Amino acid sequence: MIDKAKVAGTIAIVAIALQISACDTASYRAAREEMVTIDLVASRRNAGETGKAFLVPGRDATQVSIDISGSAVPVTVPVQLYMFIFDGRCGSLSAQPKYSLTQVVQASSALNPGSLGSGPGPWTLSNPAPVPLTVLRGTPHALVVRTGPADANVDLFCGNL
């Protein structure tokens with residue numbers, strides 16, 4: 001049986017490495033060395049699923065990419081996932097997100113990147129955060145992954161940055 005979490009994580013690392021190596025300049029090499037990987041913990045309603053977030057620093061922003069094994073919560077196809085960065089830590093988040101990473105919400109199939117998330121997973125999604133990684137790592141922040149409004153905005157994952 002295929003371990004969806006391992007496949008998703010490997011695909012994400014390879015995809016990010018290919019994107020970075022395609023433009024292998026000094027700034028991209030530095031960003032690759034500074035990339036941070038965060039374990040995403042499944043919510044109680046999403047038990048049994050796994051995820052990782054990859055944060056790649058930029059000059060004034062951070063590229064946030066996630067790979068998740070799927071959702072135990074029923075989701076509408078094509079799968080729409082929303083990412084938010086909150087002040088605080090998982091379990092004690094601020095009332096409102098500090099950053100909404102919603103430029104792209106339709107997840108892609110991690111096994112077939114050209115296909116929007118129409119199968120059971122794994123899925124991948126990437127969005128920029130308008131803040132340097134050093135700021136996100138300098139004070140307590142958490143990344144939350146939710147279903148879309150059509151699927152009741154259910155928290156699927158949380159990870160402390």
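Which strand is the place of Asp-67? Strand β3, residues 62–68. Hold on to that residue, I'll come back to it. One caveat up front: what you're looking at is a predicted model.

Okay, the overall picture. The protein has three helices and ten strands. If you walk along the sequence, the order goes α-α-β-β-β-β-β-β-β-β-α-β-β. There are 161 residues, and 42% of them count as buried. On contacts: take those in the protein with a separation of 6 or more, and 60% of them come from residues 24 or more positions apart. For the surface people, the accessible area is about 8,300 Å², with carbon and sulfur atoms making up 56% of that.

Now, the disulfide. Searching the whole structure turns up one. Cys-90 and Cys-158 are the partners, with an S to S distance of 2.0 Å. They sit in distant parts of the chain, 68 residues apart: Cys-90 is in the loop between β4 (81–89) and β5 (92–93), and Cys-158 is in strand β10, residues 155–160. Which hand does this disulfide have? The torsion about the S-S bond is about -95°, so it's left-handed. And are the two cysteines buried or exposed? Cys-90 is partly exposed, at 28% relative accessible area, while Cys-158 is buried, at 14%.

Right, on to charges. As a reminder, side chains of opposite charge can pair when their charged atoms come close. So how many salt bridges does a search of the whole structure find? Three.

Let me start with Lys-52 and Asp-39, whose side chains meet at 2.3 Å, N to O. That pair links distant parts of the chain, with Lys-52 in strand β2 (residues 51–57) and Asp-39 in strand β1 (residues 36–42), 13 residues apart. Lys-52 is partly exposed, by the way, with a relative accessible area of 32%.

Next up is Lys-98 with Asp-87, where the closest N and O atoms are 3.6 Å apart. Here too the pair links distant parts of the chain: Lys-98 is in the loop between β5 and β6 (99–101), Asp-87 is in strand β4, and eleven residues separate them. In terms of exposure, Lys-98 comes out as partly exposed at 44% relative accessible area, and Asp-87 is also partly exposed, at 30%.

Then there's Asp-155 with Arg-146, another salt bridge between side chains, at 2.5 Å from N to O. Asp-155 counts as partly exposed, with 32% relative accessibility.

Back to Asp-67, as promised. This one is buried, and yet it has no salt bridge. Why doesn't it get one? A salt bridge needs the nitrogen and the carboxyl oxygen within 4 Å. The nearest side chain of opposite charge belongs to Lys-52, and that is 9.7 Å away, so the cut-off isn't met. And Lys-52 is the lysine we just saw in a salt bridge with Asp-39.

So what does the side chain of Asp-67 have a polar contact with? The side chain of Thr-124, at 2.7 Å. If you have the model open, go to strand β3 and find Asp-67 there, then look across to Thr-124 for that polar contact.

That's what I had: one disulfide, three salt bridges, and a buried aspartate without one. Happy to go back to any of those pairs.

Note on methods. Residues are numbered from 1 along each chain as its sequence is written. This is a predicted model: local features need pLDDT of at least 70, side-chain atom pairs count only at pLDDT 80 or more; totals for chains, interfaces and linings use all residues. Side-chain values use heavy atoms; hydrogens and water are left out. A disulfide is a pair of cysteine sulfur atoms within 2.5 Å. Helices (H or I, at least four residues) and strands (E, at least two) are DSSP runs, numbered from the N terminus. Buried means under 20% relative accessible area, exposed over 50%, partly exposed in between (1.4 Å probe, protein chains only). Contact means heavy atoms within 4.5 Å. Accessible areas come from the Shrake-Rupley method with a 1.4 Å probe; for residues, only the protein chains shown count as cover. Lys and Arg count as positive and Asp and Glu as negative; His and the chain ends are not counted. A polar contact is a pair of N or O atoms within 3.5 Å; within protein, one must be able to donate a hydrogen and the other to accept it, and residues adjacent in sequence count only if both atoms are side-chain atoms.
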